[in-house]
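Trainee: Could you take me through one helix pair in this model, slowly, and then show me what surrounds it? I'd like the residues as well as the geometry.

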Amino acid sequence: MSKPKPQKEYEKTGAFHFFRWLSGCKDPYVGEVEMKPQKEEVVPESTILERMNERQMIRDKVYDAENNKGLVIFHRIYVASAILFCIALVGLLLYTVSYLPRTGNPSNPDNNEVAERYIESGLQETGAMNIVSGMILTYRAFDTFGETNVLFIATCCVMILLMVDDSILKKQEEKNDRRFEPKNDAILQGTAFVLCPIIFIFGIYVILNGHLSPGGGFSGGAILGAGLILYVCAFGFKKTQQFFNEHIYKVAKITALCMYGLIGTYFYITGANGIENHIPLGIPGHILSSGIILPINICVGLEVACTMYAFYALFRRGGL
Amino acid sequence: MDLVQNFPAVSILLCLFAGIISSGLKEKAARYVNTVLIATVMFLNACTLGYVLHTGEAFVYVMGKFPAPWGNEIRVGVLECFMALFFCIIMLLSLLGGRKKLADEVEEGKTFLYYVLMNLLLSSLLALVYTNDLFTAYVFVEINTIAACGLIMIRQNGRTIEAAARYMIMSLLGSGMLLMGICMLYDLTGHLLMSNIKEQVAILSASGEYRIPLLVTIALMSVGLAIKSALFPFHAWLPDAYGYSTVSSAAVLSSLVSKGYIFLLIKIIYRVIGFDIFEASKIIDVLFVFGLMGMIFGSLSAIKENDVRRMIAYSSVAQIGYIYMGIGMGTQAGMAASVFHILSHAATKSLLFIAAIGLTDVSGGSRKFIDLTGAAYRNKWAGVTFTVGSLSMVGVPLFSGFISKLLFAQAAVQNNGKMLPALIVLGISTILNAIYFMKTVIRIYTPVEENKYECITFKDMKLYAVTLVCFIVLNVILGVSSQPIVDLIEQGLAMFS
């Protein structure tokens with residue numbers, strides 16, 4: 001039998017902490033972690049009522065409800081006719097659908113030429129095991145470039161709406177980081193500490209295997225973005241900005257889109273002019289194969305991850 | 001393949017690149033990139049136009065190594081090149097005219113985003129003009145819609161946010177209808193490429209199969225694009241969106257964005273559905289009636305308006321009505337008149353918006369008519385330009401509006417069934433136009449006893465004045481030497497089919 005440790009040494013071991021926690025003597029998080037959420041600003045009921053009255057008053061004033069009985073009636077008719085219009089539209093569309101070719105009939109649509117070629121020779125022509133990737137990134141690469149730019153322009157519009165000045169951002173830094181949540185929530189941080197790397201690795205896997213298995217830039221990028229958002233939630237903006245701030249966001253976004261654009265331009269112009277392009281297709285099934293799909297997937301993934309994170313950050317505090 | 005044939009695709013890609021790069025630049029650099037870009041694209045499209053006129057036939061350009069129907073494709077004909085060139089000119093002039101004002105209207109740190117949106121808007125307009133693939137068209141319609149929303153709300157006050165929200169809801173409804181139409185067409189024909197769909201649609205309509213889905217598809221696409229281009233009953237978003245946004249945005253939105261959708265509709269009529277099948281469907285009469293109603297009700301709303309910019313915006317509703325009336329006539333002549341009116345309205349409406357801002361600026365920023373009294377004496381250049389624009393809108397010879405009205409009247413005469421309503425409404429609408437535009441012109445030339453506001457001379461606004469002169473010249477060119485342009489349009493429309 002081993003000699004029992006002196007009390008002082010025993011108190012340093014994990015077993016002591018564990019049993020102490022088990023018996024409920026001391027909670028290790030007390031004093032270390034904010035247990036209570038931030039005090040929410042309590043709005044008294046009277047203010048809420050006042051605001052509601054104000055709104056009603058403004059509405060009455062704008063429409064002059066007392067003198068304009070006609071307008072009130074018009075509003076009712078307007079709502080009713082809107083509902084009727086929607087029902088009519090739905091009815092019309094359902095009626096049309098019943099006349100469309102039946103699903104599952106092998107001969108419809110009457111012309112299967114396009115889909116046939118995608119399925120039958122997609123593998124040889126694009127080198128991608130995943131036909132969907134091959135289709136959207138090789139056959140219809142121009143559309144997908146447009147689609148990526150839709151994401152880009154959407155971020156620009158959100159920036160116009162929600163971006164606030166740097167000075168305001170600095171002033172509210174502390175408040176933005178917690179926003180009614182306990183700061184440095186240990187449970188959240190512990191989970192994020194374990195989960196974030198796994199999410200990032202999985203996202204990168206989905207992006208890199210976009211041409212081999214289901215997935216690709218759009219879905220992988222969304223996973224990466226979700227991982228980033230989890231990290232921000234757990235550790236706050238200050239820590240995130242050490243590796244992902246506005247400057248890096250801009251560089252990553254512009255590089256990704258420009259790379260996509262350059263690869264695309266090279267592909268379109270050589271293809272259209274009948275010049276052989278020097279992007280090898282490789283052996284289908286290998287990780288380095290299928291020509292332009294892999295690099296484009298990486299670019300799209302970066303762009304989508306940036307967009308997701310930017311949306312979250314802009315909506316939460318009005319800056320990156 | 002000749003080098004020139006690459007130019008249309010390169011110009012679309014250049015616009016996208018410029019938009020991407022501008023998002024990392026400061027305001028001044030972004031502005032510089034934008035101006036250089038528009039000039040470059042203008043040059044490229046002018047070269048292509050020369051090339052197509054020289055060879056005399058349209059060509060297709062495969063985006064990538066896979067030929068249609070598997071890959072993406074753009075198609076370049078005379079009309080497409082001409083439209084692209086014209087859009088570039090209008091955009092450049094609108095931006096130059098509103099440049100000085102932009103600093104007051106947009107928050108300082110966000111001006112570079114304005115140019116990002118403009119670059120992407122130009123790319124989407126070019127793609128809408130050139131595309132030969134319905135789905136590519138849809139993708140760039142999306143870019144166009146979002147960019148237009150951004151351009152409305154970048155001047156941040158309550159009214160623009162509301163206007164942008166309204167615009168977005170209506171525009172998304174239109175996009176949704178267009179998308180449903182495209183889906184149904186794909187279901188029926190198995191293609192997304194315009195020329196292949198047209199073949200299949202011709203077969204389907206000859207055999208009488210799927211008659212109802214085809215009709216609904218045509219209706220959905222036409223109505224969807226009509227909502228997006230503010231045809232009469234769907235115009236509720238328009239006055240606020242054009243009336244309160246920044247002046248360049250208003251000019252660009254009214255003269256380019258809505259016109260891009262109309263051009264897409266014309267393209268769908270000719271290259272997807274087929275002109276004869278579209279004419280045989282009753283949808284064309286609906287467009288005709290809506291167009292006529294728009295011509296009258298738009299003008300009536302404009303007469304009631306007491307805000308000069310909203311008045312010009314309502315005038316757009318009437319002018320869009322003219323265009324749809326021409327489409328609704330169902331003849332080649334009507335279509336040619338519509339295309340000419342797209343050009344003439346684009347040139348005139350942007351001119352009016354830019355001139356109006358000069359007038360309101362010397363009236364203490366107020367847009368009320370009472371404050372505008374005598375504004376033309378305080379800013380002589382803007383006054384003259386506004387008068388030119390008004391005369392053109394009313395349809396006075398020498399200016400572009402006259403030619404388009406003449407073409408509409410000629411087209412109406414050739415069409416037996418629709419001659420009478422078209423001519424009567426054309427007459428009424430012209431009188432209504434004259435009422436509200438001449439009212440404004442008389443108002444701005446009424447001398448005032450004591451001058452509350454200070455005058456502006458050429459020295460204070462060199463760039464602005466030069467832009468106004470360019471606009472006047474463009475308008476007079478369209479009005480005086482219209483025959484070659486009409487020939488060009490007819491040649492282009494013939495190339496469509």
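Mentor: Start with the seam between α3(B) and α4(B), where B:Glu80, B:Met83, B:Ala84, B:Phe87, B:Met91, B:Leu95 and B:Leu102 of α3(B) meet B:Thr111, B:Tyr114, B:Met118, B:Leu122, B:Leu125, B:Leu126, B:Val129 and B:Tyr130 of α4(B). "Meet" here is a contact, with C-beta atoms, placed from the backbone, within 7 Å. Helices are DSSP runs of H or I with at least four residues, strands are E runs of at least two, and both are numbered from the N terminus. By class that seam has 13 nonpolar residues, 1 polar and 1 charged, where Ala, Val, Leu, Ile, Met, Phe, Trp, Tyr, Cys and Pro count as nonpolar, Asp, Glu, Lys and Arg as charged, and the others, Gly among them, as polar.

Before going on, keep in mind that this is a predicted model: local features need pLDDT of at least 70, side-chain atom pairs count only at pLDDT 80 or more, and totals for chains, interfaces and linings use all residues. Residues are numbered from 1 along each chain as its sequence is written, while chains are lettered from A and ligands numbered from 1 in the order in which they are written.

Now the geometry. The axes of α3(B) and α4(B) come within 10 Å and cross at roughly 165°; axes are lines fitted to C-alpha atoms, for helices over the stretch in contact, and angles run from 0 to 180 degrees between N-to-C directions. The two helices are therefore roughly antiparallel (over 145 degrees; under 35 is roughly parallel, 65 to 115 roughly perpendicular and the rest oblique).

Each of these helices also has a job at a wider boundary. The domain assignment splits chain B into domain 1 (1–268) and domain 2 (282–497), with bounds from an automatic or database assignment. Between them, 40 residues of domain 1 are in contact with 43 of domain 2. On the domain 1 side, α3 (78–105), α8 (211–228), α9 (238–244) and α10 (247–273) each supply at least two residues, and α3(B) gives the largest share, 13 residues.

As for α4(B), look towards chain A: 49 residues of chain B are in contact with 44 of chain A. The elements giving two or more residues to the chain B side include α4 (111–130) and α5 (134–153), with α5(B) contributing the largest share, 11 residues. That side divides into 32 nonpolar, 13 polar and 4 charged residues.

Key:
Contact = placed C-beta atoms within 7 Å.
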